[in-house]
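Hi everyone, thanks for making time this morning. I have one structure to walk you through, so please have a look at it on the screen before I start talking.

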Amino acid sequence: MPKSKKNSKKSASKKSKKPVRKAARKSIRKRAKKTAPKRVKMPKIKKLPQKELEVFKKLLLALRGKIAGDLQQIEGDSLSGNQPSSSGELSDVADMATDNYDRELNIGLASNEQQLLNDIDVALRKIEDGTYGFCEIYGTPIPRKRLLAMPYTRLSMKAQEEEEKNPRPS
């Protein structure tokens with residue numbers, strides 16, 4: 001007889017749990033529907049006309065040439081720096097410190113210039129792909145004024161501000 005009591009208890013507990021689970025699932029779904037953002041149908045975004053793309057391409061290529069020249073000059077300046085003498089005078093130590101500071105400054109400038117070159121190359125590839133002029137985060141068109149000021153930009157103003165407020169961990 002004890003076996004039948006156990007079986008009856010198990011079957012009763014199984015039956016009672018199922019409706020509770022279903023009700024819990026339904027309430028979770030209702031909450032999810034209420035909290036989930038509504039999907040908005042995105043309007044079709046017009047691509048930039050081919051003439052404007054050519055203007056931006058020429059602008060990017062000219063900027064790329066200028067930055068590449070600046071980068072070569074920075075590298076040349078840092079490589080042709082004066083070699084410190086080994087006389088050990090106090091003025092030589094100050095000269096060495098100045099040279100080290102200049103070298104570090106040039107390395108930082110060269111790094112920034114190289115990053116700009118990389119951004120320009122990405123922008124040129126986007127022109128070829130047909131995705132130039134759109135924010136990488138939101139997919140919205142970047143205003144032409146912003147593209148004229150910074151033709152290598154990847155983000156809209158809103159996305160750029162958010163990126164600066166919350167930088168990515170490196």
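How much space lies in the largest pocket? The answer is about 380 Å³. Before I go on, please keep in mind that this is a predicted model.

So who lines that pocket? There are 14 lining residues, and those nearest the centre are Asp119, Arg154, Leu155, Gln160 and Glu163. Two elements, α3 and α5, each give two or more residues to the lining. The largest share comes from α5, with three residues. If you sort the lining by class, you get seven charged, four nonpolar and three polar residues.

Now from the pocket to the cavity. A search of the whole structure turns up one cavity of 30 Å³ or more, and the largest cavity holds about 40 Å³ of space. Its lining includes Asp119, Val122, Ala123 and Lys126, then Tyr132, Gly133 and Phe134, and also Ile142, Tyr152, Thr153 and Arg154. By class, that lining has six nonpolar, three charged and two polar residues. Please hold on to two of these names, Asp119 and Arg154: they line the cavity, and they are also among the residues nearest the centre of the largest pocket.

Those two names bring me to the salt bridges. How many does the structure hold? There are seven, and I will show you three of them.

Let me begin with Arg154, which forms a salt bridge with Glu136, with 3.8 Å between the closest N and O atoms. This pair links distant parts of the chain, 18 residues apart: Arg154 sits in the loop between α4 and α5, and Glu136 in the loop between α3 and α4. Arg154 is partly exposed, at a relative accessible area of 30%, and Glu136 is partly exposed as well, at 42% relative accessibility. The pair does not stand alone, either: through shared partners, salt bridges join Asp119, Lys126, Glu136 and Arg154 into one network.

The second one is between Glu128 and Lys57, whose closest N and O atoms are 2.8 Å apart. Here helix α3, which holds Glu128, is linked to helix α2, which holds Lys57, and the two residues are 71 apart in the chain. Is Glu128 buried or exposed? With a relative accessibility of 54%, Glu128 counts as exposed, because the cut-off for that class is over 50%. Lys57 is partly exposed, with a relative accessible area of 25%.

The third is Asp121 with Arg64, where the side chains meet at 2.7 Å, N to O. Asp121 lies in helix α3 and Arg64 in helix α2, so this salt bridge ties together parts that are 57 residues apart in sequence. Asp121 is partly exposed, with a relative accessible area of 21%, and Arg64 counts as partly exposed at 29%.

While we are on α2 and α3, let us look at the core. The largest nonpolar core has 20 residues, and those touching the most other members are Leu48, Phe56, Leu60, Ile120, Ile127, Tyr132 and Leu147. Helices α2 (50-79) and α3 (90-129) each supply at least two residues of this core. Take Ile120 as an example: beyond its neighbours within four places in sequence, Ile120 is in contact with Leu60, Leu63, Arg64, Ile67 and Tyr152. You will recognise Arg64 there, the salt-bridge partner of Asp121.

Another residue to click on along α3 is Gln114, which has its place in that helix. Gln114 counts as partly exposed, at 36% relative accessibility. From Gln114 to Leu71 the C-alpha distance is 7.5 Å, although the two are 43 residues apart in sequence.

Last stop: Ser156, in the loop between α4 (144-149) and α5 (157-165). Is Ser156 buried or exposed? Ser156 counts as buried, because its relative accessibility is 8% and the cut-off is under 20%. Apart from neighbours within four places in sequence, the contacts of Ser156 are Cys135, Tyr138, Thr140, Ile142 and Arg146. Of these, Ile142 is also in the lining of the largest cavity.

That is my tour. Thanks for listening, and I am happy to take your questions.

Terms used: Residues are numbered from 1 along each chain as its sequence is written. This is a predicted model: local features need pLDDT of at least 70, side-chain atom pairs count only at pLDDT 80 or more; totals for chains, interfaces and linings use all residues. Side-chain values use heavy atoms; hydrogens and water are left out. On a 1 Å grid over the protein atoms alone, a cavity is a set of points where a 1.4 Å probe fits but cannot get out, and a pocket is an open set with protein on both sides within 12 Å along at least five of seven lines; lining residues have an atom within 4 Å of a point. Grid points are joined across faces, edges and corners, and a volume is the space filled by probe spheres set on the points. Ala, Val, Leu, Ile, Met, Phe, Trp, Tyr, Cys and Pro count as nonpolar, Asp, Glu, Lys and Arg as charged, and the others, Gly among them, as polar. A nonpolar core is a set of buried Ala, Val, Leu, Ile, Met, Phe, Trp, Tyr and Cys residues joined through side-chain atoms within 4.5 Å. Buried means under 20% relative accessible area, exposed over 50%, partly exposed in between (1.4 Å probe, protein chains only). Helices (H or I, at least four residues) and strands (E, at least two) are DSSP runs, numbered from the N terminus. Contact means heavy atoms within 4.5 Å. A salt bridge is a side-chain nitrogen of Lys or Arg within 4 Å of a carboxyl oxygen of Asp or Glu.
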